[in-house]
Amino acid sequence: MRTILFVCQFNSARSQLAEAIARSMVPEGVRVLSAGLTKTVVNTEILKALEEIGLDASAQRSKTLEEVSREEVDDVVVLAKEALDPARLAFPDARHLLCHIPDPIATQDPQRLPVEVRLARDRIKSFLISWLQAEAATS
């Protein structure tokens, strides 16, 4: 079974978005996970943004790279450039792809948080559509 792992810094926003969206897109037999350099909690604004597009991620939880078995990961998609080197060290046999998306939770303006989260969601969804189509065409 092929396994795709999405990685960001805290596993609270970007990688959680990617995990939920990718699960809705990948074919049967592909497993999708997410993890971060640090374990936190899934941001509630992320859950709201996913619900808006018909995805329920309420069962997803924050995990660290150490909680994912290195032998079971085929592809690592890194969504935070600062997580690329740690992901390469943790999963040396996997294929790595960097798709840096700015952290929507890092906004200094709380009123911008919903906007930034939805921008990140939509960027991740667009990336996944393109990447998964390209993957399907080469397999």
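Is E19 buried or exposed? E19 is buried, and its relative accessible area is 3%. Keep that in mind as you go through these close-ups of a predicted model.

**View 1. Four strands make up an open sheet.**
Follow the strands across the sheet and you meet them in the order 2-1-3-4, with parallel pairing. At the edges are strand 2 (30-36) and strand 4 (95-98), each of which pairs on one side only. From one strand to the next, the twist averages 20 degrees. As a general reminder, strands of a sheet pair through backbone hydrogen bonds, in either a parallel or an antiparallel way.

**View 2. Strand 1 has strand 2 beside it and is also joined to strand 3.**
Strand 1 and strand 2 run parallel and are joined by seven bridges. One place to look is T3, which stands opposite R31 in strand 2. Strand 1 (residues 2-8) is also joined to strand 3 (residues 75-78), this time by four bridges, and these two strands run parallel as well. Here you can pick out L5, whose bridge partner in strand 3 is V76. Now look at how enclosed strand 2 is: six of its seven residues are buried, so strand 2 is largely enclosed by the rest of the structure.

**View 3. F6 is a buried residue of strand 1.**
How much relative accessible area does F6 have? The value is 0%, so F6 counts as buried. Leaving aside neighbours within four places in sequence, F6 is in contact with S15, A18, E19, A22, V32, L33, S34, A35, V77, L79 and L128. For a sense of scale, try finding S62: F6 and S62 are 56 residues apart along the chain, and their C-alpha atoms are separated by 12 Å.

**View 4. E19, the residue from the opening question, sits in helix 1.**
Helix 1 (residues 14-25) lies across strand 1 and strand 2, and runs at about 175 degrees to strand 2. Which residues does E19 touch, not counting those up to four places away in sequence? They are F6, V32, L33, S34, Q60 and K63. You have already met F6, which is in strand 1.

**View 5. Helix 1 and helix 4 pack at an angle of about 45 degrees.**
The axes of these two helices are 9 Å apart. Helix 1 and helix 4 are therefore described as oblique to each other, and helix 1 passes helix 4 in a right-handed crossing. On the helix 1 side, the contact is made by R14, L17, A18, I21, A22 and M25. On the helix 4 side, look for V117, A120, R121, I124, K125, L128, I129 and L132.

**View 6. Helix 2 and helix 4 cross at roughly 55 degrees.**
The axes of helix 2 (residues 44-51) and helix 4 come within 10 Å. This pair is therefore oblique too, and its crossing is right-handed. Helix 2 contributes E45, I46, K48 and A49 to the contact, while helix 4 contributes L113, P114, V117, R118 and R121.

**View 7. R121 is a buried residue of helix 4.**
Why does R121 count as buried? Its relative accessibility is 8%, and buried means under 20%. Setting aside neighbours within four places in sequence, R121 is in contact with L17, I21, A49, E52 and I53. The pairing with L17 is a nice one to trace: R121 and L17 are 104 residues apart in sequence, but 6.2 Å apart in space, C-alpha to C-alpha.

**View 8. F127 and W131 form a stacked pair of rings.**
The count of aromatic pairs comes to one. Its two rings have their centres 6.0 Å apart and their planes at 10 degrees, so the pair of F127 and W131 is stacked. Both residues lie in helix 4, four residues apart, which is about one turn of the helix. Are F127 and W131 buried or exposed? Both are buried.

Definitions and conventions: Residues numbered from 1 in each chain as written. Predicted model: local features only at pLDDT ≥ 70, side-chain atom pairs only at ≥ 80, totals over all residues. Heavy atoms only, no water. Pairing = 2+ DSSP bridges. Axes fitted to C-alpha atoms, helices over the stretch in contact; angles between N-to-C directions. Contact = heavy atoms within 4.5 Å. Phe/Tyr/Trp six-rings, centres within 6.5 Å; stacked < 30°, edge-to-face > 60°. Buried < 20%, exposed > 50% of the residue type's maximum accessible area, 1.4 Å probe, protein only. Parallel < 35°, antiparallel > 145°, perpendicular 65-115°, else oblique. Left-handed = near helix turned anticlockwise from the far one by under 90°.
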